[in-house]
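Work through the exercises below with the structure open beside you, and try each task before reading its solution.

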Amino acid sequence: MSNNSKTSNSNGKGYARFIIPSLIGAFLFLAPIPTENAFNIPLGIAIDFVGDQFSQISFGTYGVYFGDGVYDGNFDLRHMIGLITITIAFLGMLLAHFVKPAFIMNNPVLKSVFISSPVYFISKVIGFIIIWMIFLNIGPDEVIASWTGDVMVVLLASLVVIFLVLIPGIPLLTDFGLMEFIGTFIKKVVRVLFTLPGRAAVDLVASWFGSSAASIMITRGQHEKGFYTGREAAVATTNFAIVSVPFTFVVARTAGLADYFFTFYFIMAVAVLFLAVLMPRIWPLKKIPDTYLEDVGKQITEEEVPQGTSQFAWATESACARAKKTTVKDVVDSALSGYAGIFFDLLPVLLAWGTIAMVINEHTDIFTWISWPMGQLLTLFQVEGAMEFAPATLVGFVDMFIPALMIGSAPDQTRMILGTLSVVQVIYLAETGALILKSKIPLNIGKLFIIFMMRTLISLPIIVGLTWLMFNP
């Protein structure tokens, strides 16, 4: 940058545009606040609060089946938002494809979410049918019963609140210079360890203290704005989108390991960091083109410090220059676009295929058959109950919470191994996978499954070894 650009950016107004929004964003996404059982971020606390408030606004009940009895689940405001948005997605898609009204066809955001590929078209139809079947409590038990459609509706309700709260705050963290400021200081460490620009550290911290969804939303936004190449975005989303600390505790508690959470988290963190160093250096991530999206090009400024300029001065100048480009309109447009993409596109697809996968898992032996090799591997590692609990190693590709539910009766060490593995696997079609597939990041479902299996097979010996060394209940 020239001296003139320094003068125009690094002044009182420039500092304020950088510091105030960035501090607010950093606090909301990154500040660990002690809670009853662990730590949470302010946005996480806000998500819990909003979720509690929404859950108290009831619109009736829906049938949730447990064994021989029936429990009437509360269809609250979270579910209603899901029902309304999935219905709008379905009707808007029909309008866009068959009527083509100007208000959709001339609006890039609406056109992008309502003009759907054949797969997404079918997915939205299925999602629309399922959400109304559950709301009206009609249809086969295999679809609307617990462990299938009901589990997905519960997940849908939680994601509605997460995205409602998260999306408006993301630009504060990414668009006002914080990532440029941090990237200047840690570029070399992050580049050497993870083959990523320094700004990727914000993704990692946002995920570990916030949520994997927050990390992917940040990464895909940065990719679409020209700050990550396709390879860098793929590496970040498949290695940094770790389940947050609070949700890791939920997984540990569900698996009956709350009293051993430190051991659980330590084993997970070691495996995750090892994979984050290794995976970017091998196929398939290594072979993804290191290029920016053609329609935006490269927007990231160099994080190297020019000769004769202090590191702090350059970090501040880069941050102020980025903040200067961002307007209130940009923030509002980003939030509206994010809401449209999530609620009219992602949620119906997630509900459709998540329910289908849950039905397959609950009512067929497919996961048992395909997990036979994993059972043999677990047997080789002398994991107790290897063949019985082997499906838990693969069903996590659908949703990371399912393995924790499946291993409740497993021996202690088996629960530690498979519970930790479910967090380390990172890629879950019901959340992170769906977000990645809907983005412009160059990863398809085949590559995601390959990466999922590679993370599983590479991390398993590490997890087993650390469990033997550290976990003796």
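**Exercise 1.** Decide whether Gln382 is buried, partly exposed or exposed in this predicted model, and state what sign its phi angle has.

*Solution.* Begin with the relative accessible area of Gln382, which is 67%. Because exposed means over 50%, Gln382 counts as exposed. Next, locate the residue: Gln382 sits in the loop between α19 (372-380) and α20 (386-389). Finally, turn to the backbone, where Gln382 has a positive phi of about 60 degrees although it is not a glycine.

**Exercise 2.** Carry out the analysis for Lys100, asking in which loop it lies and how its accessibility is classed.

*Solution.* Lys100 is placed in the loop between α4 (77-99) and α5 (102-105), and its phi, near 55 degrees, is a positive value in a residue other than glycine. Its relative accessibility is 49%, so Lys100 counts as partly exposed, given that exposed requires over 50%.

**Exercise 3.** Find which residues lie closest to the centre of the second largest pocket, and which element gives the most to its lining.

*Solution.* First take the volume of the second largest pocket, about 770 Å³. Of the 27 residues that line this pocket, Arg220, Glu224, Ser334, Ser337 and Gly338 are the closest to its centre. Two or more lining residues come from each of α6 (108-114), α9, α12 (212-224) and α17 (328-363), and α17 contributes the most, with 7 residues. Sorted by class, the lining holds 10 nonpolar, 9 polar and 8 charged residues.

Terms used: Residues numbered from 1 in each chain as written. Predicted model: local features only at pLDDT ≥ 70, side-chain atom pairs only at ≥ 80, totals over all residues. Heavy atoms only, no water. 1 Å grid on protein atoms, 1.4 Å probe; cavity = no way out; pocket = protein on both sides within 12 Å on 5 of 7 lines; lining within 4 Å. Points joined across faces, edges and corners; volume = space filled by probe spheres on them. Helix = DSSP H or I, 4+ residues; strand = E, 2+ residues; numbered from the N terminus. Nonpolar A, V, L, I, M, F, W, Y, C, P; charged D, E, K, R; others polar. Buried < 20%, exposed > 50% of the residue type's maximum accessible area, 1.4 Å probe, protein only.
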